[in-house]
Structure formats: C-alpha cells, structure tokens
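Please look through the structure below slowly, moving from its overall division to its finer details, and keep the sequence at hand as you read.

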Amino acid sequence: MYGYAFYASIIICIFAASITKQKYKMYIKDLSLYEGKEITLQGWAANKRDSKGLVFLYLRDGTGMCQCVVSAEVLNEEKFNAAKKITLESSFSITGKVVKDEKQIGGFEVQATDINVIAYAEEFPIAKKEHGIDFLMDHRHLWLRSQRQWAIMKIRNRIIFSIHQFFQEQEFVQMDAPIFTGNACEGTSNLFETDYYGDTAYLSQSGQLYGEAMAMAMGKIYTFGPTFRAEKSKTRRHLSEFWMIEPEMAFYDIFSNMDLIENFLRRVVSDVLSECKTELEIIGRDNSILANIVKPFPRLTYDEAVKIIKGEQDVNGVNAITSLEDELKKTSTKIDEIKAEILDREEKIKVPGIKKGEIGFNQAKIDKLKQELNDLEEQSRNIPQWLNSARNFEYGNDFGGSDETVITRLFDVPIMVYNWPHAVKAFYLKRDPENSKFARGVDVLAPEGYGEIVGGGERETDVELLTAKIIEHKLPMEAFEWYLDLRRFGSVPHAGFGLGLERLVTWICKLPHVRESIPFPRMYGRLLP
Ligand code: 4AD
Ligand code: MG
C-alpha cells in the first residue's frame, strides 16, 4: 500500500519538475525543439518596434536572438502597456507559442500570451549610431552585449574548449604555473613588480620555466593562465594582461615541436570553422582564408624570411616591397575618388526641393563613404611605415610588428620562422648544433598581416652555456639555480611553445585590434572598467 503511494509520488514529482523545468529553463537556441508549443523565455530587449496594437520585441538571452510579438488582442491592457513601455536592454520574461518563420533571425518567433517585465532599463548609452572606440571601451561592460562582441566571445570560448580537448586527447597533463614569481622569463624590460611580504615579486610573463620542471615530472604538460607584461606602448597587438597556453614536452626537438604546433593550430581553427558558423557570419569573417588551415604551414629559416621582407625573394610571384608600393598608389587614387563622391552627394542634398527620402539615402551613403575613407587613410599612413621598416631591416635583428605585417601579408596560411640569431632571442633557447650563431627558436606568424601568435623552441640543455647566458642577460643567478637543477638531474632534450590566446582570437576573427578579443582588456592607459 505504502509502496504504491511512494511510487506515485515520485512520478508526480518528476512530472512537476519537468513542467517547472520547461517553464523556466528554456533558451532561444533550442526553439526548434518546441515548434507549436507554449514556452517561457527570459532575457533582455535588444530592439523594439511598435505598430498599431502590436509590439515587436527582439529578445536576446545569451544563446541567441528571437522576435516576440505582443498583441493587444491577446494580452490584457496592463500587460500590453507594460510591453509598450519596454526600453532597450530592459529585462523581461515572456511566455508564448513558438511559430516557425523563415524570415526571422533564428527561423522562429514567439507569439506572446504573457509578459513580465523584470526591470526597465534607463536610456542605454550604446545606441544604433556609430560610437568612437574610446566611448565603447569606457562602456565595455555594456558593449559586451552587442551582437558582434557576443560572437567574438563565443568564438573565444570555442577556441579555449578546443585547446583543452586537443591537449587532453593527446594525454598532456594540465598543470598550473605560479603567477607571483621571483625571476624573469622573457627579459627584464617589461616586468610588473609587486610587494611580496617585503620582498619584490614579479607577475609572471610566462609559465615556461615552471613548465619545464613539470615536464620533467610528467612527460608532456601544458599550462594555461594569465601572463603579464608592462608594454608601455599602444599597438594593435599588445595587452598588459593576456592568456597564454604553454605546452612543454620532454624528448621533443624543434622539429617535432613544429609538427605539434601545426597540428594544434589546424585542430583549433577547424573546430571554429565547423562549430561557430553563425558567429563567423555575424562578424563577417571570410572563411575561405581560415579554410586554408588544412594546407601545410611553410617553414622558413630566419635567413629566408629576411630575404622576403627585404624584397630579395618573392612569394608566389609577389614581391613584398613592390606590392606595397603598388597598394599605396591604389589607396591614394581610391581616397581621391571617395572624397569626390562625398562632395558630390553633399551638393545633391543641398539642392532646393529635394525629397526627404533622397536626403536620407544620400546621407546614409555619405556616412558609409566616410567610414571607408577613414580606413583607407589609415592604410595610407601605415604602408609607408611598413615600407620603411622593410627597406631598412638590418640582418640579425628580431622582427618588429611592421616586419611581421610585411611578410605575413604575402601568405594565406600561418608560417613558421625558425633558427633565429641567438643574440636577439631568449636565454633558454638551444644553440643550433650546426651553426652556433643561431638558436633553435620558432615563431609562428599568422597570415593576412597579423604576425606573431606563437613563440617557442627547443631548450638549452648544456649547463655551462645556460649559465653563461644567464650572466650575459644580467639575470640574478640565485633565482635560476632551481632551473639549472633540471639540467643537473636527468637532463633530456625538450621543447615547447607559448600561444597568445588573444592574438589567435584576433586573427581568427580578423579584428582590427587585440582589445576586442578579451572581455576586459588591460593595456597601457586602461584599467577600467
Ligand atoms: O614569444 P613569447 O614572449 O614567448 C614566451 O613567453 C615563451 N616563454 C613561450 C614558451 O615557449 N613557452 O610569448 C608567446 C606568445 C606570443 O607569440 C604572443 O602570441 C603572446 O604570447 N604575447 C602577447 N599577447 C598579447 N600581448 C602581449 N603583450 C604579448 N606578448 C606575447
Ligand atoms: Mg615572441
């Protein structure tokens, strides 16, 4: 008897739970599962349109966007008026029937039977009109809600997920390096110092040295954490705080390291292509370039790369220097054409008796042309700098941002540049056994002008050479004794690399600047929001 009641109550509970669940945990991305059914969604008003007896609300809930139709014929006056008063970014929950409509974003709309406003929003500062970048950065906490920023963050999330999948599937062990450190990994010029119980600690520039110790314990490891560099210049590539993925592998040399980098990047980019189609479409990314990721990555020695930058060697018949000169000419012709068209349309608007519609049409064209003009003028300022830097590049130097731009504009896949002059690279890189002028470092440069996304290489195993390098770089020996122990106790060949997450997001999304690739960028001159 009691047994029966017990089972009956369990069934009732499951039933009740499923109703409750249906009512409160539904998301726009799943609308296709509920066609013809009544559901409840909650989120924010991304847009609103009124017409007689109808309010069209564009609801966004973080998983997608959908149109909700509120009708005075269905809802009572109080509810209908509440819907009518909804402002941009007000929060509300809405119940209604899911109806298929190919014309709508997402392919479905919700015909409301009930609506509850959670909070009316004050006038939202980010409106439809164009805002300058400083304004948007000051409002980053709100800007993140825009569709484009949403898409970029979803792509970033997918990249992070694929990074973990790739390494975990290959049985790398994720281990974490400390953020407070007592030594510099990547030179002393850009360290952030902080007080550590009366001593000086630095915020980690890289987890690598600890990664090497962990690889000697575990074989293959990766770290994935925030890293810090005081970069006192405003470039489109530099952040003060960025996330780095650093695998480190015992018994790898520079060549197996390059194989791993190539497989790794291919996997991550392929996953974004297959899993983030909507997001790539929202940001208008040309996928055909990303799809080239299946092609082998060209591997160039430093010497070969320098010849290309200086225009002494072509890539597929294209010369770095002359192609830039041509582009500069084309850009200035285009600038003149656009300026003339803007003037022409401005004159048209002034003609007496012109129709209102025609003014609007021309004004919209003028706004678009001005935007294009801005971009072209920036190009015409940049190209001479790139040219100057390429023409005057001195053999033996590290590549600067301009040099990376010059060479990577010629490629449609990432390239690997290896065997760098040891004098310009980090102290820990292994000397090339075939030519001691070089170190076995490798940089991966993203195509389309983006530049360095990965830095890595094979590590020096010779204690004497390492000690000499530490002295040469004026690093405090006592802080590196533990690191030298890794060579004293069972030293093995090993290698690794560091991928800057934001640099990768920036290239994959083809962003003009790294600041849009991270939720709250930290860079020179910015600490808020
Ligand atoms: O080339 P880097 O300095 O190499 C290292 O830190 C090595 N210890 C990595 C290793 O071998 N384990 O930095 C690695 C990557 C760069 O290629 C770039 O993608 C990114 O980190 N990076 C930055 N990203 C944004 N802002 C900055 N200021 C960056 N500095 C480096
Ligand atoms: Mg580097």
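In this predicted model, the domain assignment divides the chain into domain 1 (25-119), domain 2 (142-295 + 412-517) and domain 3 (303-395). Notice that domain 2 is written as two stretches of the chain, 142-295 and 412-517, and that domain 3 covers residues 303-395. Between the C-alpha centres of domain 1 and domain 2 there is a distance of 45 Å.

Let us turn next to helix α12, which runs over residues 356-391 and has 36 residues. At 1.5 Å a residue this helix should span 52 Å, and because its end C-alpha atoms are 53 Å apart, the expected and the computed values agree. Which residues of α12 are buried? They are Asn362, Ile366, Leu369, Leu373, Leu376, Ile383, Trp386, Leu387 and Ala390. To read such a list it helps to know that an α-helix has 3.6 residues a turn, so residues three or four places apart point the same way. The buried residues of α12 pack against three other helices, namely α10 (302-309), α11 (320-350) and α13 (401-408).

The next stop is ligand 1, which is surrounded by 22 residues, the closest being Glu186, Gln208, Glu246, Glu452 and Ile453. Two of these closest residues can be followed down to single atoms: an N or O atom in the side chain of Glu246 is 2.7 Å from a nitrogen atom of the ligand, while a backbone N or O atom of Ile453 lies 2.7 Å from an oxygen atom of ligand 1. In addition, a polar backbone atom of Phe497 is 3.4 Å from a nitrogen atom of the ligand. Taken on its own, ligand 1 has 630 Å² of accessible area, and the protein covers 94% of it.

Finally, the backbone itself deserves a careful look. Most residues other than glycine have a negative phi, and most peptide bonds are trans. Phe251, in the loop between β11 (241-250) and α7 (254-275), has a positive phi of about 65° although it is not a glycine. Asn419, in strand β13 (residues 415-421), likewise is not a glycine and has a positive phi, of about 60°. Are these two residues buried or exposed? Phe251 is exposed, because its relative accessible area is 63% and the cut-off is over 50%, whereas Asn419 is buried, because its value of 15% is under 20%. Further along, in the segment after α16 (501-508), comes Pro529, and the peptide bond from Leu528 to Pro529 is cis, with omega near -5°.

How values were computed:
Residues are numbered from 1 along each chain as its sequence is written. Chains are lettered from A and ligands numbered from 1 in the order in which they are written. This is a predicted model: local features need pLDDT of at least 70, side-chain atom pairs count only at pLDDT 80 or more; totals for chains, interfaces and linings use all residues. Side-chain values use heavy atoms; hydrogens and water are left out. Helices (H or I, at least four residues) and strands (E, at least two) are DSSP runs, numbered from the N terminus. The expected span of a helix is 1.5 Å times one less than its number of residues. Buried means under 20% relative accessible area, exposed over 50%, partly exposed in between (1.4 Å probe, protein chains only). Contact means heavy atoms within 4.5 Å. A residue is near a molecule or strand if one of its heavy atoms lies within 4 Å of it. A polar contact is a pair of N or O atoms within 3.5 Å; within protein, one must be able to donate a hydrogen and the other to accept it, and residues adjacent in sequence count only if both atoms are side-chain atoms. Accessible areas come from the Shrake-Rupley method with a 1.4 Å probe; for residues, only the protein chains shown count as cover. Domain bounds come from an automatic or database domain assignment.
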